[in-house]
Amino acid sequence: MANPRVYLNLIGGEWTPSTSGKTFESRNPADTRQVVGIFQDSNAEDIQAAVAAAKSAFESWRLMPAPKRGEILMRGAQLLQERKDQYAVEMTREMGKPVFETGGDIVEAVDMAYFAGGEGRRMHGVTTPSEMHNKFQMSIRTPIGVCGLITPWNFPMAVPSWKLLPALVCGNTIVMKPAEDTPASIFNLVQCLIDVGLPPGVVNIVTGYGPTAGQPLVEHPDVPVISFTGSTETGRLVNKLAADKIKHVSLEMGGKNAMIVLDDADLDLVFQGAVWGAFGTSGQRCTATSRIIVQRGVAEKVINHIVEKASQMRIGDGTDSQTEMGPVINQKQMEKILNYIEIGKQEGATLRCGGQRLSDGKYANGFFIQPTVFTDVKPTMRIAQEEIFGPVLSIITVDNFDEAIEVANGVQYGLSSSIYTRDVNAAYRAMRDINTGIVYINAPTIGAEIHLPFGGIKATGNGHREAGPQLIDAFSEWKSVYVDFSGSLQRAQIDNVD
Ligand code: NAD
């Protein structure tokens, strides 16, 4: 194999080695003998340099007309679309999911670039009449400054794009700290922007580990905005670290998403949706279907079909066009998932299929786990409560709609949910009563489009939304402007009182 590419940090438009000289490898989870890239193992000093570069670039970037900033994003989108096939293979090699999925990950970034780019010509403010004579007033959006973006590995390009592109169009400059397992895709995304004229210093990339590179970014006094996606555990820490400095912090975190199946559901739809929702991306989506809550009348049929389909899935290297499910991301995650499978067995759930690591032949050097289905799961069991983030599905049987909603809501997370039913009343009640940021009707818990707000409640999020019309809220500050053209002092709430 050719020597792996060495990626340097991007600081102030220059490709820069880490100050410590340390590096780390990213390896292919389908075959760990393959090194995908060598990246800089950065520390607080590197973050300091990147933040200084971003701070200096802010002064000119914020003054570029927003439509012009938007045009850069749109031209970047065009280039990204052209490079999609190559980047998709590279993403599969760094992260494992099949090429048809990594292609979708990139298209999501393309969509976001067009959507956020269009915001350059909207970015609407509000005008409102004054209570005074000869006075005009409006509120406008302004950029905030340097945004620190910290992202996970499961959507190596899509998730960073939801942050990067809206932040840019608003006029902010950026320091990105990608997940240590998947930095390459962020370089690919940013390269497209550089190639269409993004000025130096506007986007800076510093690779490295969470505590040594992520934490100094969160704590840096010149970074007023932190946008984080990752586990609830890390998000909680990030929130605490940023609290002292009174930063804007938006957190997108874990999920334990449920699909409800009522007795009157279209079962063919359920079977397809359940397998895609639970085992797409090897169950490593924040919105993955990790619980199915099925009404007793159809439970046996649903379980039998899902078990049959899960057992037949073609597992392998995601660059093989036959592969339906790839590996999980790394050794630690594989061990965590296998541990949860043991916990499920000990808790008394019935293991209906899977449950094993695959390690023979073509699987020998990768992190492959069989699609796993547990039945007889009680809502209080750990496998029904905790985010496993792997190809493990827990099926819970209930007697009626109300019990289904209660079980669906009975977890700490609130990201995504779905219900399969032909009863329009049940569908509308579910939309109203399920406590998640996203609800699907007759579709699995995954499949968000970028022009609706994305995010969750409870332990999933802290009140912000990414994407959708709200996409710029986290990255802009409101400024209210009063223009008095009366030529005299007019005192609000005093001079206009009869
Ligand atoms: P993680 O929390 O381990 O890491 C996320 C990022 O935080 C990484 O870049 C990591 O280096 C960084 N980090 C770790 N410690 C840090 C620290 N002390 N200070 C600053 N940064 C630190 O999460 P992960 O394993 O990469 O991703 C999986 C998690 O992400 C799952 O819980 C999943 O549900 C969640 N996720 C949520 C969404 C969403 O939109 N809600 C989307 C995708 C993934």
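Visitor: How far apart are the N and O atoms where the side chains of Lys55 and Asp222 meet in a salt bridge?

Guide: The separation between N and O in the salt bridge of Lys55 and Asp222 is 3.6 Å. Lys55 belongs to helix 1 (residues 44-61), while Asp222 sits in the loop between helix 7 and strand 11, so this pair ties together parts that are 167 residues apart in sequence. Please keep in mind that the model is predicted.

Visitor: How many salt bridges does a search of the whole structure find?

Guide: A salt bridge is counted when a side-chain nitrogen of Lys or Arg lies within 4 Å of a carboxyl oxygen of Asp or Glu. Across the whole structure the search gives 21 salt bridges.

Visitor: Are Lys55 and Asp222 buried, exposed or partly exposed?

Guide: A residue is buried under 20% relative accessible area and exposed over 50%, with partly exposed in between. Lys55 has a value of 42% and is therefore partly exposed. Asp222, at 31%, is likewise partly exposed.

Visitor: With which residue does Arg121 form a salt bridge?

Guide: The partner of Arg121 is Glu71, and their closest N and O atoms are 3.1 Å apart. Arg121 is found in the loop between helix 4 (99-119) and strand 6 (126-129), and Glu71 in helix 2 (residues 66-82), so the two residues tie together parts that are 50 residues apart in sequence. Arg121 has a relative accessible area of 60%, which means that this residue is exposed. Glu71 is partly exposed, with 25%.

Visitor: At what distance, N to O, do the side chains of Arg296 and Asp399 meet?

Guide: These two side chains form a salt bridge at 2.7 Å. The pair links distant parts of the chain, 103 residues apart: Arg296 is in helix 10 (residues 296-311), and Asp399 is in the loop between strand 19 (392-398) and helix 13. Arg296 is partly exposed at 48% relative accessible area, and Asp399 is partly exposed at 44%. Salt bridges may also share partners, and in this way Lys68, Glu71 and Arg121 are joined into one network.

Visitor: Let us turn to strands. How many of the 10 residues of strand 5 are buried?

Guide: The count of buried residues indicates how far a strand is covered. In strand 5 (residues 31-40), 8 of the 10 residues are buried, so this strand is largely enclosed by the rest of the structure.

Visitor: Do strand 4 and strand 5 run parallel or antiparallel?

Guide: Strand 4 (residues 23-28) and strand 5 run antiparallel and are joined by 6 bridges. Within this pairing, Glu25 has Ile38 as its bridge partner, and a hairpin of 2 residues connects strand 4 to strand 5. Strand 1 (residues 5-6) runs parallel to strand 5, with 2 bridges between them; there, Arg5 stands opposite Gly37.

Visitor: In which sense do strand 11 and strand 12 pair?

Guide: Strand 11 and strand 12 pair in the parallel sense, over 5 bridges. Ser227 stands opposite Ser250 of strand 12. Strand 12 (residues 248-252) has 4 of its 5 residues buried, so strand 12 is largely enclosed by the rest of the structure.

Visitor: How many residues surround the ligand?

Guide: The ligand is surrounded by 26 residues, the closest being Lys177, Glu180, Ser231, Thr234 and Glu387. Helix 7 (210-219), strand 11 (225-229) and helix 8 (232-243) each supply at least two residues of this shell, and helix 7 gives the largest share, 3 residues.

Visitor: Where do N or O atoms of Ser231 and Thr151 lie with respect to the ligand?

Guide: In the side chain of Ser231, an N or O atom is 2.7 Å from an oxygen atom of the ligand. For Thr151, a backbone N or O atom lies 2.8 Å from a ligand oxygen. Thr234 places a polar side-chain atom 2.8 Å from an oxygen atom of the ligand. Taken alone, the ligand exposes 850 Å², of which the protein buries 90%.

Visitor: Finally, which residues make the nonpolar surface patch of about 380 Å²?

Guide: That patch is made by Val424, Tyr428, Met431 and Ile441. Helix 14 (residues 424-433) contributes the largest share, 3 residues. Tyr428 is located in helix 14 and is exposed, with a relative accessible area of 55%. By contrast, Asn409, in helix 13 (residues 401-409), is buried, with 18%.

How values were computed. Residues are numbered from 1 along each chain as its sequence is written. This is a predicted model: local features need pLDDT of at least 70, side-chain atom pairs count only at pLDDT 80 or more; totals for chains, interfaces and linings use all residues. Side-chain values use heavy atoms; hydrogens and water are left out. Buried means under 20% relative accessible area, exposed over 50%, partly exposed in between (1.4 Å probe, protein chains only). Two strands pair if DSSP finds at least two bridges between them. Patches are made of residues with over 30% relative accessible area and no salt bridge: like charges are joined within 9 Å, nonpolar side chains (Val, Leu, Ile, Met, Phe, Trp, Tyr) within 5 Å. Accessible areas come from the Shrake-Rupley method with a 1.4 Å probe; for residues, only the protein chains shown count as cover. A residue is near a molecule or strand if one of its heavy atoms lies within 4 Å of it. A polar contact is a pair of N or O atoms within 3.5 Å; within protein, one must be able to donate a hydrogen and the other to accept it, and residues adjacent in sequence count only if both atoms are side-chain atoms.
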